[in-house]
Amino acid sequence: MIRNKDIIDEYDKRIRKISTDVTFPLEDKYKKFIEDAIEMLTLSQIEEEAEKYDLRPGMGLSAIQVGITKRIFVIVYEYEEGKFENYVFINPVLTKQSEEMIYVDGGEGCLSINRDIEGIVPRCARISAEYYDIDGNKHNIRLREELAIVFQHELDHLNGILFYDRIDKKNPFKNQNNMRAI
């Protein structure tokens with residue numbers, strides 16, 4: 001299982017590397033990352049398990065966050081208490097995005113950033129994307145609200161971008177009134 005110590009932090013230069021496409025068939029080491037990320041993200045969202053394994057709660061993890069420079073990320077979404085849906089995105093591409101902008105009320109967090117950062121991160125409320133599954137099959141997906149935010153956050157990681165790069169440095173709450181908080 002992936003632990004906090006395995007996750008690269010913001011001060012490690014590798015976190016800024018741009019990830020490259022995965023080729024298929026998917027190598028075992030990438031399958032292992034996916035399996036381990038799903039386990040860690042799931043347990044991190046269950047309070048007693050998070051305490052037991054000393055995990056910070058998280059919904060998404062990109063391969064780059066554990067030093068793998070491939071375009072893979074995993075999202076584990078708790079849609080109902082104790083019930084999770086797993087999303088595995090390989091070579092994801094954003095194909096559409098809404099004009100409506102939203103942000104996380106209280107600010108975005110990141111498993112690679114071990115400090116609080118004030119400000120709003122503008123994100124599209126709805127997105128569409130293309131991606132591949134672990135078997136190399138191409139899919140299209142539409143995501144909205146929280147899942148759209150996590151997708152955009154993880155996609156940024158694949159491009160060497162951290163969420164605070166999107167916060168206006170001079171005015172961290174700029175255009176807040178033009179966006180919806182979720």
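Which helix gives the largest share of the lining of the largest pocket? Helix H3, residues 145-158, with five residues. Keep in mind that this is a predicted model.

Let me stay with that pocket. Its space comes to about 470 Å³. The lining counts 20 residues, and the closest to the centre are Pro 57, Gly 58, Met 59, Gly 109 and Val 150. By class, the lining of this largest pocket holds eight nonpolar, seven polar and five charged residues.

Now the second largest pocket. Its volume is about 250 Å³. Here 19 residues form the lining. Nearest the centre sit Gly 106, Gly 107, Glu 108, Ile 117 and Glu 118. The split for this second pocket is eight nonpolar, five polar and six charged.

Next, the strands. E6 covers residues 126-132, and E7 covers 138-144. How do E6 and E7 pair, parallel or antiparallel? Antiparallel, over seven bridges. Glu 130 faces Asn 140 of E7 across the pairing. The hairpin leaves five residues between the two strands. Among them is Gly 136, with a positive phi near 90 degrees. One general reminder: side chains in a regular strand alternate between the two faces of the sheet.

On to charges. How many salt bridges does a search of the whole structure find? The count is 17. I will pick out a few.

Start with Arg 166 and Asp 156. Their side chains form a salt bridge, 2.7 Å from N to O. Arg 166 is in the loop between H3 and strand E8, while Asp 156 is in helix H3, so this pair ties together parts ten residues apart in sequence. The two ends are not equally accessible: Arg 166 is partly exposed at 38%, whereas Asp 156 is buried at 6%. The cut-off for buried is under 20% relative accessible area, so Asp 156 falls inside it. Recall that H3 also supplies five residues to the lining of the largest pocket.

Second pair: Asp 12 and Arg 14. Again the salt bridge is 2.7 Å, N to O. Asp 12 is partly exposed, at 23% relative accessible area. Arg 14 is partly exposed too, at 40%.

Third pair: Lys 29 and Glu 27. The closest N and O atoms of this salt bridge are 3.7 Å apart. Lys 29 is exposed, with 52% relative accessible area. Glu 27 is partly exposed, at 39%.

Then there is a network. Which residues does it link? Glu 100, Arg 126, Arg 144, Glu 145 and Arg 180, through salt bridges.

Last topic: backbone geometry. Which peptide bond is cis? The bond from Phe 24 to Pro 25, with omega near 5 degrees. Pro 25 belongs to the segment before helix H1, residues 28-44.

Two residues have a positive phi without being glycine. Take Asp 54, at about 55 degrees. Asp 54 is in the loop between helix H2, residues 47-53, and strand E1, residues 60-62. Is Asp 54 buried or exposed? Exposed, at 57% relative accessibility.

Then Asn 175, with a positive phi of about 60 degrees. Asn 175 is in the loop between H3 and E8, where Arg 166 also lies. Asn 175 is partly exposed, with a relative accessible area of 41%.

To close, back to the pockets: about 470 Å³ for the largest, and about 250 Å³ for the second largest.

Key: Residues are numbered from 1 along each chain as its sequence is written. This is a predicted model: local features need pLDDT of at least 70, side-chain atom pairs count only at pLDDT 80 or more; totals for chains, interfaces and linings use all residues. Side-chain values use heavy atoms; hydrogens and water are left out. On a 1 Å grid over the protein atoms alone, a cavity is a set of points where a 1.4 Å probe fits but cannot get out, and a pocket is an open set with protein on both sides within 12 Å along at least five of seven lines; lining residues have an atom within 4 Å of a point. Grid points are joined across faces, edges and corners, and a volume is the space filled by probe spheres set on the points. Helices (H or I, at least four residues) and strands (E, at least two) are DSSP runs, numbered from the N terminus. Ala, Val, Leu, Ile, Met, Phe, Trp, Tyr, Cys and Pro count as nonpolar, Asp, Glu, Lys and Arg as charged, and the others, Gly among them, as polar. Two strands pair if DSSP finds at least two bridges between them. A salt bridge is a side-chain nitrogen of Lys or Arg within 4 Å of a carboxyl oxygen of Asp or Glu. Buried means under 20% relative accessible area, exposed over 50%, partly exposed in between (1.4 Å probe, protein chains only).
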